[in-house]
Amino acid sequence: MKLETIPARAKIIQRANAAVRLGLAWAALGTTVAALTGCASPGPGTGTGPSTGSVAAAAPKVDAAVRQALAPTGTLRVGVYAGSPTSLVKAADGRPAGVAHDLGQALARDLGVLVQVVEFARLAQVLEALKAGQVDFTFTNATEARAKEMDFTSPLVRLELGYLVPAGSRLLRIDEVDRPGVRVGVAQGSTSQTVLGARLQQASVVATPSLDAARAMLADGRLDTFATNKGILNELSDTLAGSRILDGRWGLETMAIAIPQGRAAARPWLQGWAHSITQDGRLRAVVQRSGLRGLASDRD
């Protein structure tokens, strides 16, 4: 499929490096992260990894059928949306980060292919592009419904779901949300929209077109609260003075790597790759770099 078929609403971020630099190792938490170039972030693992549009260096040998299945155009197209640490945010140094973003860089390097970051306004658009085969890779909540339309690795991260309220809110507890007149914001097309739309009996569920829109609606009083995973809620709270996340949770998200269906030749290899990054510390390094908060403990 030609890259031109990617919907116009997606922002394609592509910059080339003159050469791929070797250096720094990412073995576990606390390792030094190599500097990024443009919008491309270094993949975790040995070496700095390719910048977007550059050929991966020192990639391990991969069967040609696996490479073709995961990156049929010769470029691994990574679908992301801004504002979620599980997808795309700015790291402490101001450069692009996020679990989907950084794992996509790492996978492209290990496959020995180019990588292209394709940015959408919201997650629902990423998933539509993935289902259509217009992107090859993302990182998202592995729900039963989504598993009918895309293929997932085993779960890699669990996040608590919660509510963010603006400064001065009279809502103090989660059990106070489902009341007449309470407007609960959710991302349009999200799992939160589906679940809370069915669960809340008295509060109104309001779909927002983007996280930026949700932030603005909380700030100007059009929403009383916004519901999603606490990774995103913490990012929103950082930019809304006086806002707070209500104690407790209304659910969990189980996050995993997602690829389009119909790429069975790659699934065993990708599952092995996902296992390896959890064992050697690369996943933890990516999570740390993304600033992801709201992780559920193993005992939950």
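# Exercises: cavity, cores and buried sites

About 240 Å³ of space lies in the largest cavity. This is a predicted model, where local features need pLDDT of at least 70, side-chain atom pairs count only at pLDDT 80 or more, and totals for chains, interfaces and linings use all residues. Residues are numbered from 1 along each chain as its sequence is written, and side-chain values use heavy atoms, with hydrogens and water left out.

## Exercise 1. The cavity

Describe the largest cavity and its lining.

Step 1. Fix the term. A cavity is a set of points, on a 1 Å grid over the protein atoms alone, where a 1.4 Å probe fits but cannot get out. Lining residues have an atom within 4 Å of a point. Points are joined across faces, edges and corners, and the volume is the space filled by probe spheres set on them.

Step 2. Search. The whole structure holds 2 cavities of 30 Å³ or more.

Step 3. List the lining. The largest cavity has 25 lining residues. Tyr81, Leu123, Ser190, Thr228 and Ile232 lie nearest its centre.

Step 4. Sort by class. The lining has 10 nonpolar, 12 polar and 3 charged residues. Here Ala, Val, Leu, Ile, Met, Phe, Trp, Tyr, Cys and Pro count as nonpolar, Asp, Glu, Lys and Arg as charged, and the others, Gly among them, as polar.

Step 5. Assign elements. Helices (DSSP H or I, at least four residues) and strands (E, at least two) are numbered from the N terminus. Helix 3 (123-131), strand 6 (138-141), helix 4 (191-199), strand 11 (225-229) and strand 13 (251-260) each supply at least two lining residues.

## Exercise 2. The chain and its cores

Work from the whole chain down to its nonpolar cores.

Step 1. Count elements. The protein chain has 8 helices and 13 strands.

Step 2. Check burial. Of the 300 residues, 53% are buried. Buried means under 20% relative accessible area, exposed over 50%, and partly exposed in between (1.4 Å probe, protein chains only).

Step 3. Check contact range. A contact means heavy atoms within 4.5 Å. Among contacts with a separation of 6 or more, 72% join residues 24 or more positions apart.

Step 4. Find the largest core. A nonpolar core is a set of buried Ala, Val, Leu, Ile, Met, Phe, Trp, Tyr and Cys residues joined through side-chain atoms within 4.5 Å. The largest has 36 residues, and Leu76, Leu103, Phe139, Val157, Ile257 and Trp273 touch the most other members. Elements giving two or more residues to this core include helix 1 (64-70), strand 2 (75-81) and strand 5 (114-120). Helix 2 gives the largest share, 7 residues.

Step 5. Look for another. A second, separate core of 22 residues includes Tyr81, Val118, Ala214 and Met217.

## Exercise 3. Helix 8

Is helix 8 mostly covered or uncovered?

Step 1. Count. In helix 8 (residues 282-290), 7 of 9 residues are buried, and the helix is mostly covered.

Step 2. Name them. The buried residues are Arg282, Leu283, Ala285, Val286, Val287, Arg289 and Ser290.

Step 3. Find the partners. These residues pack against strand 3 (89-90), strand 4 (96-97), helix 2 (99-111), strand 8 (157-165) and helix 7 (267-279).

Step 4. Add a pair. Proline 96 is in strand 4. The C-alpha atoms of proline 96 and arginine 289 are 9.9 Å apart, with their positions 193 residues apart along the chain.

Step 5. Look past the end. Just after helix 8, glycine 291 has a positive phi of about 75°.

## Exercise 4. Two buried polar side chains

What do the side chains of threonine 225 and glutamate 176 reach?

Step 1. Place them. Threonine 225 is in strand 11. Glutamate 176 lies in the loop between strand 8 and strand 9 (183-187).

Step 2. Classify. Threonine 225 counts as buried because its relative accessibility is 0%. Glutamate 176 counts as buried because its value is 8%.

Step 3. Follow the side chains. Threonine 225 reaches the backbone oxygen of leucine 164 at 2.8 Å. Glutamate 176 reaches the backbone nitrogen of leucine 172 at 2.6 Å.

Step 4. List contacts beyond four places in sequence. Threonine 225 touches residues including Tyr163, Leu164, Val182 and Leu218. Glutamate 176 touches Arg170, Leu171 and Val182.

Definitions and conventions. 1 Å grid on protein atoms, 1.4 Å probe; cavity = no way out; pocket = protein on both sides within 12 Å on 5 of 7 lines; lining within 4 Å. Polar contact = N/O pair within 3.5 Å; in protein donor to acceptor, adjacent residues only side chain to side chain.
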